[in-house]
Amino acid sequence: MKDTARVVVIGGGAVGTSILYHLALAGVTDTLLLERDELTSGSTWHAAGNIPTYATSWLGMRAGNYGWSLYKDLAEKVDSAITYRHTQAFWPAHSEARMDLFRHLCGVSASAGFDLAMLTPSEMNDMHPFWHPDDTVLGGILDPYEGDIDPSQLTLALAKGARDLGAQIERFAPVSGIERLTSGEWNVTCAKGSVRAEIVINAGGFYGGKIAEMAGLYAPVITLEHQYLVTEPLQALEKHPDLFPLVRDPDIRFYLRRERNAFLVGSYAHDGRPAWQKDGPPDDFAHQLFPDSVEDILDVLEATMAHVPLLGEAGAQRFVNGPIAYAPDALPLVGPAAGAPNFYHATGVQVGITHSAAIGKAMAEWITEGETEWDLAAWDPRRFGDWATQDYAHARASQHYDLQYAIPYPHRNMQRGRPVQTTPLYERLKADGAVMGQIGGWERAFWFQTETIKDGGDADLSFHHEPWQDAVALECKTIANSVGVMDHGGFTKYDLQGPRAEAFLSKLVCGGIPKTGRVRLSYMLTPKGHIRSEATVARLAEDRFLLCGPTLADLRDFDWLKAHLPKDGVSLRRGHTHDAALMVMGPKSRDVLQPLTNADLSAEAAPWLSVAEITLAGVPLIAMRVSYVGELGWELHLPSDHLVDVYEAIMTNVGKVEGCQFGSFALNAMRIEKGYHGWGADFGTEYTLFDAGLDRFANMKKGNFVGRDSVLAQSQTSAAWEWVGLEITDTAPEPMPSVPIVKNNTVIGYVTSASHGYRTGKNLVLGYVESGTLREAESCAVRVLGKDRTAIRHNPHVYDPENVRMKC
């Protein structure tokens, strides 16, 4: 075994070998893959091998489509046999809500450049010789790309392709230790010796958590059982050699496809069953399975036979009940590990055969180019901190397993495993009627119930009107007329100090640095000039800054800042002594706050975009004159120990002016009405400042900053996209992200955010269109649940476009 390598990949399943192969294709061949047993051990060897491209997000669709397009001719490319069948798949719908979802996803597919399509019951019947609809089937959706593949042959082909290009693989080499050296390199110890590496990639599947622990890291990977059965051979299938589509019935909760001359049937129709909850997987679990759990599938089989009568003639040849890795939100953990330069996770991949290709692509891009083609924030392992304990991960992943085929309503409020992080106001807010939700592990009020508007939980879920919208309308209108207060738990904050703090910050953000006592919104870019993140920069003194950013980007942005720190002259700390935050917003916010402080809060003394350290209700705090909702207001940053006292003093005055409390739903609705970008929604690493209409935030005269050369080059050409605001003039439900914007029956763009504007009465959309395709005041359409709704382009800043209300 070699004792040095640029990259060590730990794990020899489909994900690990795909990473090795993609690195080799990118010219990185000083690599070593370490596998604890035989290649394909773990989850790969027993996987069903389906390759769905149906997904509920662009990222999922891209991953699936990249997978099948790579796999379809991989055997020929690397000269290694692979059984691959392109069968297509259809998903029947038994309810109007499911039909709404399918119509929506056809729109998402169209905006992403793919071809999901609606089907009638008779069309599905004609496609499948053994599946038949009944009067409960209303229609369905076609995935024209789906197929199935032999997972072991796929893995061995990827391994051969990588070896042929120069990569090395060591089997039966279980890793026992991972140490960070003073040089910054990693020393990986296995049964065959030690290897020193620049980069380590954890592709350990359901062993991913244990591998992370060896490196002193934490990855919330848990193992669930997943079972399918293969029937005995059927004569009817022997007589019918032609391929036919895989069937996924999400309402009955089964998937069924041909497996030679038998059927393979799998189901998610039960709560997830965690394995090895206490100590994690044993060291010797490789090609074993769990005991059969026959009862889990019997009820589903009975319902399935109503549509596939032939299944009733078959006995069970074998059950396959094996381990499957899950993260708490059922999305992969793929990307840089928090606080560990050159250590990457590629684990917790629930659909490993499908996603392994995209993960290999992404890892090769990170290592060779420093950033990825697609925005992978949704998969970034740093979305979870150590708050995502194993108990939380087991509870939440088990629920996601049960919801695998549930309708993914956009406002489903997951309850299991909560709470894990709360502010001192948590119980008080609940007593006041707050419907709490979770963002980045933090409990935050989403909206407040009233005497007549109550939370019905999952019973209220819909793609159409939901009761919370009526409550949020009241919150927004009260804020516009009086004042509202929000406890913003978990606000990402960094304390930046030192004589070189300004110079350091100037190189990390593309805009100018505010003067003392001022606040500025700034953007951090990638070297290629794409938008990495945003930060509100408050300058408290010549050498002291408070940076605030997106909650879900906390660990991710901290890594970025740390990576650029100079050796001296700057101190950077994640978090702040003023760890709590209250938003006080509305035209009467000054009336509420001024009686509680000796500081002058007038527009002259405390203008818009100013910051001051003041004492309010007897507590020293930081008062920022900023507003994400478009009203006069303050963000108050203070120690959690004093949060209750300050809150109660404020609320006493709020009551005198008939104000209210508000939550995240109202905050989001008002920022859309105001035309403000939202991180993770309206911008990310796939967009330039010019695409997003944020180029005014770049100061090209201030000197060098990360991405400056790319921004300069971008300024010489036309942007590919325009970020626009639309008003839907038809009566329509709120569109969901990624659905098409259409003009003359041609898709010209897509939605990124949408909400009813409760202060303006308008149905508002933010999104992107191809540059030059839609003029101001020109008509277009937004495809909402499959129907094109008339819309018109306007200034995105619909509410108070001159900012008069914020500046008063």
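**Close-up views of the predicted model**

**View 1. The largest nonpolar core, centred on Ile 19 and Ile 201.** In this predicted model, the largest nonpolar core holds 127 residues, and Ile 19 and Ile 201 touch the most other members. Helix H10, residues 352-369, supplies the largest share of this core, with 9 residues. In soluble globular proteins, nonpolar side chains tend to be buried together.

**View 2. The surroundings of Ile 19.** When residues up to four places away in sequence are not counted, Ile 19 touches Val 9, Ile 201, Ala 203, Ala 346, Ile 359, Gly 360 and Met 363. A second, separate core of 35 residues includes Val 8, Val 175, Tyr 207 and Ala 327.

**View 3. The two faces of strand S14.** Strand S14 spans residues 246-249. Leu 246 and Arg 248 point one way from the strand, whereas Val 247 and Asp 249 point the other way. In a regular strand the side chains alternate between the two faces of the sheet. Each of these four residues of S14, including Arg 248 and Asp 249, is buried.

**View 4. Pairing of S14 with strands S5 and S15.** Strand S5, residues 89-93, runs parallel to S14 and is joined to S14 by 2 bridges. In this pairing, Phe 90 stands opposite Val 247. Strand S15, residues 254-259, runs antiparallel to S14, with 3 bridges between them. Here Asp 249 of S14 stands opposite Phe 254.

**View 5. The hairpin of S14 and S15.** The hairpin has 4 residues between its strands. Arg 253 takes a positive phi near 75° in this hairpin.

How values were computed. Residues are numbered from 1 along each chain as its sequence is written. This is a predicted model: local features need pLDDT of at least 70, side-chain atom pairs count only at pLDDT 80 or more; totals for chains, interfaces and linings use all residues. Side-chain values use heavy atoms; hydrogens and water are left out. A nonpolar core is a set of buried Ala, Val, Leu, Ile, Met, Phe, Trp, Tyr and Cys residues joined through side-chain atoms within 4.5 Å. Buried means under 20% relative accessible area, exposed over 50%, partly exposed in between (1.4 Å probe, protein chains only). Contact means heavy atoms within 4.5 Å. Two strands pair if DSSP finds at least two bridges between them.
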